[in-house]
Number of protein chains: 2
Amino acid sequence: MDVYAYLKENQSRFVKELCDYVRFPSVSAQPPHRDDLSRCARWLTDHCRQIGLEARLVKTAGHPIVVAQTPRKRAGHRPHFVVYGHYDVQPPEPFELWKTPPFEPRIAGRFLYGRGASDNKGQHLAHLKAVEAYLQTGTELPCDLTFIFEGEEEVGSQSLPEFLRHNQKALRCDAVVVSDSGIPSLKFPALTYALRGIAAVEVRLDGASRDLHSGIYGGSLDNPAMVLCEMLAQLRDAKGRVKVPGFYDKVLPLSAFERKQMARLPYHEPGYRKFLGVRELNGEKGYTAGEQRTARPTVEINGLTSGYQGPGSKTIIPAWASAKLTFRLVPRQEPIRIQKLVTQYLKRLCPRTVRLTVTPGHGGEPYLVSPQGPQAQAALRALKTAFRNEPVLIREGGSIPIVTDFKKILKADTLLLGLGLPEDNVHSPNERFSLDCFAKGMDMSARLWPELSQATLRRPKA
Amino acid sequence: MDVYAYLKENQSRFVKELCDYVRFPSVSAQPPHRDDLSRCARWLTDHCRQIGLEARLVKTAGHPIVVAQTPRKRAGHRPHFVVYGHYDVQPPEPFELWKTPPFEPRIAGRFLYGRGASDNKGQHLAHLKAVEAYLQTGTELPCDLTFIFEGEEEVGSQSLPEFLRHNQKALRCDAVVVSDSGIPSLKFPALTYALRGIAAVEVRLDGASRDLHSGIYGGSLDNPAMVLCEMLAQLRDAKGRVKVPGFYDKVLPLSAFERKQMARLPYHEPGYRKFLGVRELNGEKGYTAGEQRTARPTVEINGLTSGYQGPGSKTIIPAWASAKLTFRLVPRQEPIRIQKLVTQYLKRLCPRTVRLTVTPGHGGEPYLVSPQGPQAQAALRALKTAFRNEPVLIREGGSIPIVTDFKKILKADTLLLGLGLPEDNVHSPNERFSLDCFAKGMDMSARLWPELSQATLRRPKA
């Protein structure tokens, strides 16, 4: 029996296994579930062994990491790929909004409902089922595979970087494959080839040494809340561009090819506005909404704090005012440089009437894999065959910090091959996973390894 | 014995009486002190009777009002003046910062320490001692006097307007005298002839129907916190003037005479900056700091609220942002008109990408008594003789809402003849009252009635 016939024949068992897997309430954010995470990790380790992988449980300061690999046959130039996933899930609360209990998986139509079904148990189980098909049918894999499943993705992946560093040599690989994101629809299978980065900055202005009576003193000294507004109003221009000098200097412009790809994605402006709940959109002139939110850098105020915020009024000149800012970055922009430029600009804008403190926060590198490179092309071929639809190339506006870790520690690019759908309700009640995505995902994974191995072997050495 | 000799002879008894009065912990803001307020009001009523006044206690929904009047001799055109004071005091907390207990009055040098000594027990007791001198020496007063002492000044004077309305006829008068403010120093006795008014406005901008992930959506829609900053930054120009169209239309300009008076006040910029804790001042160009904070209108942001305000960062586009604003107004500006102009301006500035809600808050009329009018001149003469120094005319930047009530309900102007000093620590630990101010205050009050009566009788009828 060949790999694809095996996958087809065992579908109903795979769905049952996914149900077993979803049944573990592996909520990493909630300490009472610690044992559930351990039990879930053990189940996963055992499952990996049952399908023919060599698997082990790695203890960490937090929840364990499950590592599984294809039986060692490493010889010569056989490519090696790492597949990443996470077995921990988001908290299920609020329970009352779930139609059926979050950890009692239920199938309705072509969907499996349950917390973690899409994020991320279903998505990485598809990869395990594909490798099971190879191993159980005795079909030779053209590459070595190492699976890494962590239990702390939903709480910041604290233990993962250390694990990667400790196993840097063993994990040296030609690419990382991650299915932990989404595709626009079954008709639009997608490769996510770029992510935005982030640079956080906190701005605080101190005025008088205490809140002052606004009647007695108002008019003779600057109000830090007013100065803050005046400074922040200088962060973007009428065209929606960030006014920080040098901000766009290193931005890699969108190519005509990319913009054409993006234009293929389904988009309905009135629907998007309704979904957000706004009357009118606004973004950088000259770009579509899709480009603005995934491929262009921005500034956002995440929070404002000053003075009296309770009911009614308190007639004070607040002693201080602060704002939390994040800049979303695109490929070639560097978080630390951006934080420096922003700090310089704010210093320049700040009058001597208040004292400015700029505190740089976290930074995350933007990410880009050339969509025209051989590995991306290989992934697109696998997607096209599995989904029977022309795949799209997408950028995502958010950041996935582990991707930067893989790049920094393993020196490997990541192929983001999401299997989720926009309607999956990830992080929300009634999370579900499409069984079509599950099936097509296994098929795609099975096709990916020959394609990717060939592309890797043909790739010029760096 | 004449009035002034009587005052001189009885000083030490007066100080003892003030100590008795200060001993009542009449903290209106604290419900456990309710009985202390009643006891204090009864003591005050009895005291008024002892010195020869007709006095009664008036119950209110809150704390009682004490009303006392000179024995009725009203005939023909005898002027009638109302003297206002309050027997309630600010909470004494924090206790640990008091050198001696707040309700155990202590005399050190020429100061009497205790909560309420300056604000306001000592200041209105000076007026009572002056009238006592007239009554006990059998000196005829040239006018009728009615004293009103409330017990809710520190908690908003809730019951006073109703009391004034209910007794509108009996309280019809030629002027109200209030000693509940300050003078720059003993060398600068002062008449406060103008107060600023206030117009409060709350601004809220609503964007998306919920906080959004700033990575996934940021760049394609407006951030309400950013739009709020951009709008508020349009409230003043580089010269420190309020940019709301029509805002200055009705402003009564400062006269050369007034500016000359203000320039007489002691002012030391480095000292003022140090007191505030700022490196540099900033206000409307073309005016001194003293003018800016008392005689020019302003806008202040009293509070800003949006998004995430806790530690670290949360990468959201906040669903809404809000600001509390107050405009300080000067004579001829009308709070309701200003609220309308501000609302119109904000509506004009607001883009269609967010929903604007402007909620008008409280308003208070600015106040002005002509400093060159006969009553003001009479008060200045009394001040000059009592303090043996040329008095100054001052404006205050804050608002005293009861002054507006007197104008609206009693149709009478108020002469603000403060007896406090800047170092009195009112509303703070170690409140004290200058015994010199006490003595000079009695003297001034005794001299005020003949001066004021004459000025009133000579005044052309409105």
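Two strands count as paired when DSSP finds at least two bridges between them. Keep that in mind as we walk through this predicted model, starting with a little sheet in chain A.

The sheet is an open one made of three strands, in the order β4-β5-β18, and the pairing is antiparallel. Its edges are β4 (106-108) and β18 (432-434) of chain A, each of which pairs on one side only. Going from one strand to the next, the twist averages 25°. Now look at how β4(A) meets β5 (residues 111-113) of chain A: three bridges hold this antiparallel pair. To find one of them, start at A108(A), whose bridge partner in β5(A) is F111(A).

Which helices go with this sheet? Helix α4 (residues 117-137) of chain A packs on it, touching β5 and β18 of chain A, and its direction makes about 40° with that of β18(A). Helix α14 (residues 435-458) of chain A lies across β5 and β18 of chain A too, running at about 50° to β18(A).

Let's zoom out to the whole of chain A. The domain assignment splits it into domain 1 (3-195 + 366-458) and domain 2 (197-251 + 297-364). Their C-alpha centres lie 40 Å apart. Where the two domains of chain A touch, domain 1 brings seven residues and domain 2 brings eight. On the domain 1 side of chain A, the contact has four nonpolar and three polar residues, with no charged ones.

Next, bring in the second chain. Two copies of a chain are related by a rotation about an axis and a shift along it. Here, a rotation of 180° with 0.0 Å of shift superposes chain B on chain A, with an RMSD of 0.1 Å. That is why you can call it the relation of a two-fold axis. Want to find the axis in chain B? Go to C229(B), which has the C-alpha nearest the axis, 2.2 Å from it. Both copies use the same surface, with 98% of the contact residues of chain B recurring in chain A.

So how do the chains meet? In total, 66 residues of chain B are in contact with 65 residues of chain A. By class, chain B's side has 24 nonpolar, 29 polar and 13 charged residues. Which strand gives the largest share of that side? Strand β11 (residues 298-307) of chain B does, with nine residues. Five bridges join β11(B) to strand β11 (residues 298-307) of chain A, and the two run antiparallel. Among these residues, T305(A) has T305(B) as its bridge partner in β11(B).

Key
Residues are numbered from 1 along each chain as its sequence is written. Chains are lettered from A and ligands numbered from 1 in the order in which they are written. This is a predicted model: local features need pLDDT of at least 70, side-chain atom pairs count only at pLDDT 80 or more; totals for chains, interfaces and linings use all residues. Domain bounds come from an automatic or database domain assignment. Ala, Val, Leu, Ile, Met, Phe, Trp, Tyr, Cys and Pro count as nonpolar, Asp, Glu, Lys and Arg as charged, and the others, Gly among them, as polar. Copies are superposed by least squares on the C-alpha atoms of residues with pLDDT of at least 70 in both. Helices (H or I, at least four residues) and strands (E, at least two) are DSSP runs, numbered from the N terminus. Axes are lines fitted to C-alpha atoms, for helices over the stretch in contact, and angles run from 0 to 180 degrees between N-to-C directions.
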